[in-house]
Amino acid sequence: MFVYNDCRNDARVLREAATLVGAGYDVTIMARPTSTASKEVEREQRDGFEIVRIPIPRRTSSRTWVWIRQSWRTKGWIARWIVFRVKRAIVHPRPRTWLNALMAVLFGAVIFPWALIQRLESLVLQVLGRERFPGTATLDWLVRWRQTILAWANATADAAPIADIYHGHDLTALPAAIAAARRNGAPVVYDSHEIFLEAGSTATRPPWARWFFRRLEQGWVRQSAALVTVNRSLEEVLAKRYRPRRTVVLHNTPSRWTAPASPSRLMRTQLGLGPNDPIALYHGGFSAHRGLEELAAAILQPGLGEVHAVFMGYGSKKDWLLEQAADARYGGRLHVLAAVPPEHLLEWVVDADVGVMAIQPSTLNHALSTPNKLFECLSAGVPVVASDFPEMRRIVLGNAAGPLGVLCRPDDPADVARGIRAVLDTAPAERAALRRRCLAAAHDQWNWETESRHLVTLYADLLGTAPGAAAATAA
């Protein structure tokens with residue numbers, strides 16, 4: 001398997017690898033170190049498989065691009081290089097060393113003024129909120145893709161063991177799987193966790209850049225034997241765009257979990273909350289468009305004066321959340337907790353009264369999402385307040401035994417508050433029945449034991465073996 005992260009907490013990749021090991025396959029995950037500056041290959045044994053972390057190669061072309069676009073960032077390195085050349089000419093006075101020293105000094109005489117001009121221009125344009133030239137940021141992004149992701153893909157493909165199947169997670173790791181598979185013509189599986197062109201900063205790139213990546217993805221999908229994705233809506237979009245040979249839906253569900261008879265109340269103990277203090281939980285990444293602001297605003301709405309909003313996770317908006325937690329308006333009812341390891345997550349989630357996921361419809365990817373937190377809440381028996389999007393509607397309201405929570409308009413804090421009240425204001429017996437319904441849905445349908453069968457069947461079909469039969473295969 002190939003994944004462009006350190007694969008320490010990537011629950012989907014780790015679950016898939018463990019499943020394949022349990023089915024009799026030899027699995028190696030090719031990842032990258034946590035620090036992009038690392039130069040050492042790292043190896044880790046976990047749950048019967050090996051994780052090999054290949055550092056991102058550092059190329060001369062990368063430094064050249066920095067000289068051209070952001071030369072002030074290399075001033076320290078250039079200064080040390082000039083001093084080294086001059087000292088070498090003084091210690092070893094030969095025509096060649098003096099020529100090298102002269103060239104270094106002349107280079108510095110050009111690059112330092114250029115760096116100063118660039119830096120001043122950058123600061124002015126930053127204040128004005130403008131790019132240097134239209135599309136410059138996108139050009140930088142494309143260059144970084146070439147110098148980091150594709151460079152890592154080539155290095156990782158060379159270092160990967162020969163395998164019978166190569167499994168690439170997301171578009172950032174698919175090139176590595178494609179390159180590795182060329183050595184022996186083995187099939188490639190493309191595991192698309194999201195619609196790449198509709199996610200993150202890619203969704204806001206200009207049409208020409210998105211067209212370029214769509215062509216790239218289309219070519220790589222055609223070289224793949226199967227495309228795996230996380231829900232039906234994403235499968236429909238990707239199948240329509242790229243016409244893959246085969247598609248498989250593999251929801252991001254956790255394994256079946258049963259709460260201990262005597263729960264430890266980890267979250268309530270950590271926060272000093274009693275058993276009757278209502279908790280509305282958001283857990284996951286602290287990033288834009290995830291509904292953090294809407295949940296914070298919701299607990300200030302009428303009728304939620306006793307509700308505590310707990311944000312558990314990590315990300316770029318953590319400082320903003322900490323500022324809100326200190327705001328007197330909340331009266332100490334907004335709490336920020338660090339992320340916990342995936343294997344212990346449900347022991348914390350079970351303390352919540354309602355899980356809130358007011359994801360914003362900022363991109364098509366968000367509008368079609370089924371976030372991990374949805375399934376994790378159900379597994380812990382926690383009813384949800386979720387965005388009224390197609391996939392979440394299908395899961396929350398499409399349950400045969402009854403709803404698993406409430407849907408809301410995610411961009412309206414008042415409607416998010418309405419959803420929270422709808423769960424918390426029900427009679428105790430009804431709330432207990434709702435929690436049991438969530439647990440039953442997770443145990444019967446939304447669990448990894450059920451979902452993982454699709455992965456094992458796919459591998460068996462690609463290799464022509466019976467599901468569950470032992471196979472000496474490196475993925």
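Two people discuss how terms are applied to this structure.

Modeller: This is a predicted model, where local features need pLDDT of at least 70, side-chain atom pairs count only at pLDDT 80 or more, and totals for chains, interfaces and linings use all residues. Residues are numbered from 1 along each chain as its sequence is written, and side-chain values use heavy atoms, without hydrogens and water.

Colleague: Why is Leu 106 called partly exposed?

Modeller: Buried means under 20% relative accessible area, exposed over 50%, and partly exposed in between (1.4 Å probe, protein chains only). Leu 106 has 47% relative accessibility, so it counts as partly exposed.

Colleague: Which residues form a nonpolar patch with Leu 106?

Modeller: Leu 99, Leu 102 and Met 103. Together the four have about 400 Å² of accessible area, by the Shrake-Rupley method with a 1.4 Å probe and only the protein chains shown as cover. Patch residues have over 30% relative accessible area and no salt bridge; nonpolar side chains (Val, Leu, Ile, Met, Phe, Trp, Tyr) are joined within 5 Å, like charges within 9 Å.

Colleague: How do you know that Glu 376 has no salt bridge?

Modeller: A salt bridge needs a side-chain nitrogen of Lys or Arg within 4 Å of a carboxyl oxygen of Asp or Glu. The nearest side chain of opposite charge, Arg 15, is 5.5 Å from Glu 376. Glu 376 is buried, too.

Colleague: What does Glu 376 touch?

Modeller: Contact means heavy atoms within 4.5 Å. Not counting residues up to four places away in sequence, Glu 376 touches Pro 254, His 283, Leu 345, Leu 346 and Val 349.

How values were computed:
Lys and Arg count as positive and Asp and Glu as negative; His and the chain ends are not counted.
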